Amino acid sequence: MVADVVALRRVSSLAELVYDTTGGVVTVISYRGANGSGPGLAPTPTFNGTGDVTWAWPAEFTDAAGKTRQTVVRMATASPMTDLSVRCSAVAQPLTHRSVRVRMTNVGGAYDGVTRLSVWDAPVVAIGDYDGAPDKEDSATEGERPYAADWYDELTAALGSAYTQARRGIVHARKIALARAMAVLSRSAEKLSANALPSTADELLPRWVEALRLRVRSGAPKWQVRKQGAAHIKAQRGTDRASVGAAVAELLGDVLVGLHRVAGPTLSAPPTMTRWPGGVPGADTWSMTGAGGAWLSERSHLVVEVQRVPYLSEPEWLRLINVELSELLDTMLPAWSTFSWALAPLSDGFLLDISDLDFTGLTP
């Protein structure tokens, strides 16, 4: 069913508008759009001249599923709805991502009349739009058979043979209603257990966001917030390698390829990129004074090797590694540890930031 809804959404228009221009006045006759139906929800018109109107939608709106969506107009068509004896045409031209200009003409030039405008966007359908998640699992207790089905059978047996067992009529409808109500109670214990952890929380997820002081972007799907919360919970275990690895893996999921650390063989033998005035001096360009006085070292540096995944858009992926990963490691690692990320695959001599501080010869 979800696949059918997504397919229908991809080919459906963003809005259908019928309007009339007469004597400089624009009147909306009917409107049906992703933001709702009715003339009151129609975009704002700007009268440019005879038969010439520019329509502007808000930058974002809330759709029928309660999701906040950006208005991104990709294509528009217009057609006159006048008497067939009047030879006229209408042309629609998208001006910006949320505005369309419509011109209506006949053989004599600009022409006023009734026009139909259809607008399409390019929706980005994400897995979280229908409360899905890459890590979603079946209920451990409910399994493949819903609680309501078990309660229905229980009610059928309790009524006895004097009542009809046909799956139609008032008795059947009443049993379904009671079974569904009892199923809510059956899920209460499971909900309590699930809400006790941020990785499985639903109703209490906002409380976990507050308790863990998570920085959640506006409109973030619940599954991403849950992964973020689960990672910060694991961050409380400590800063040893196993704890850091578990927290990063929880946050990144399939995005994580591996962790690489630079430490050097011994304290007396620092790693390659270690510079200080009394030891191996750095280049003049590395120093604020320009005299080779830089203090820097790659010792205790953590490199997170990452990859792109298909279910994350580029903005979501960049936020995950540039914002959420940085916040997590900045919280977990001590002040003398540094970190960065790099795209897979890595090899000796890969570039981190295209600078003189690029790491070479990394070892896991």
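## The nonpolar cores

A nonpolar core is a set of buried Ala, Val, Leu, Ile, Met, Phe, Trp, Tyr and Cys residues joined through side-chain atoms within 4.5 Å. In this structure, which is a predicted model, the largest such core has 24 residues, and those that touch the most other members are Val-248, Leu-252, Val-255, Val-304, Leu-328 and Leu-329. At least two residues of this core come from each of H5, H6, S16 and H7, and H7 supplies the largest share, seven residues.

Val-248 can serve as an example of how such a residue is surrounded. When its neighbours within four places in sequence are left aside, Val-248 is in contact with Gly-253, Leu-256, Leu-259, Val-304, Leu-325, Leu-328 and Leu-329. There is also a second, separate core, made of 21 residues, and Ala-15, Tyr-31, Val-53 and Trp-55 are among them.

## Helix H7

Helix H7 covers residues 314-332, and because each of its 19 residues is counted at 1.5 Å, the helix should span 27 Å, which agrees with the 26 Å between its end C-alpha atoms. Along the way, H7 bends by about 35° at Leu-320.

Which residues of H7 are buried? They are Glu-316, Trp-317, Leu-320, Ile-321, Glu-324, Leu-325, Glu-327, Leu-328, Leu-329 and Met-332, so Leu-320, where the bend of H7 is found, belongs to the buried residues under the cut-off of 20% relative accessible area. The partners against which the buried residues of H7 pack are helix H5 (222-234), helix H6 (241-252), strand S16 (301-306) and strand S17 (338-343).

## A buried serine in helix H6

Ser-243 is part of helix H6. Is this serine buried or exposed? Its relative accessible area is 8%, and therefore Ser-243 counts as buried, since the word applies to values under 20%. Not counting residues up to four places away in sequence, Ser-243 touches Arg-237, Gly-238 and Met-332, and Met-332 is itself one of the buried residues of H7.

## Enclosed space

Rolling a probe the size of a water molecule over the atoms shows where empty space is left. In this model there are two cavities of 30 Å³ or more, and the largest cavity holds about 110 Å³ of space.

The lining of the largest cavity consists of Trp-223, Gln-224, Lys-227, Gln-228, Leu-251, Leu-252, Val-255, Tyr-311, Leu-312, Glu-316, Leu-320 and Glu-324. H5, H6 and H7 each supply at least two of these residues, with H5 giving the most, four residues. Leu-252 and Val-255 appear in this lining and also belong to the largest nonpolar core, while Leu-320, which lines the cavity as well, is the residue at which H7 bends.

## The second largest pocket and helix H3

The second largest pocket has a volume of about 910 Å³. Its lining is made of 24 residues, and those that lie nearest its centre are Lys-136, Glu-137, Glu-190, Ala-194 and Thr-200. Helix H3 (169-194) and H5 each supply at least two residues of this lining, and the largest share, four residues, comes from H3.

For the 26 residues of H3, the expected span at 1.5 Å a residue is 38 Å, and this agrees with the 37 Å that separates its end C-alpha atoms. H3 has a kink of about 35°, centred on Ser-188. The buried residues of H3 are His-172, Lys-175, Ala-179 and Ala-183, and these buried residues pack against helix H2 (147-159).

Definitions and conventions. Residues numbered from 1 in each chain as written. Predicted model: local features only at pLDDT ≥ 70, side-chain atom pairs only at ≥ 80, totals over all residues. Heavy atoms only, no water. Expected span 1.5 Å × (residues − 1). Bend = angle between axes of the 7 residues up to and from the residue. Buried < 20%, exposed > 50% of the residue type's maximum accessible area, 1.4 Å probe, protein only. Contact = heavy atoms within 4.5 Å. 1 Å grid on protein atoms, 1.4 Å probe; cavity = no way out; pocket = protein on both sides within 12 Å on 5 of 7 lines; lining within 4 Å. Points joined across faces, edges and corners; volume = space filled by probe spheres on them.
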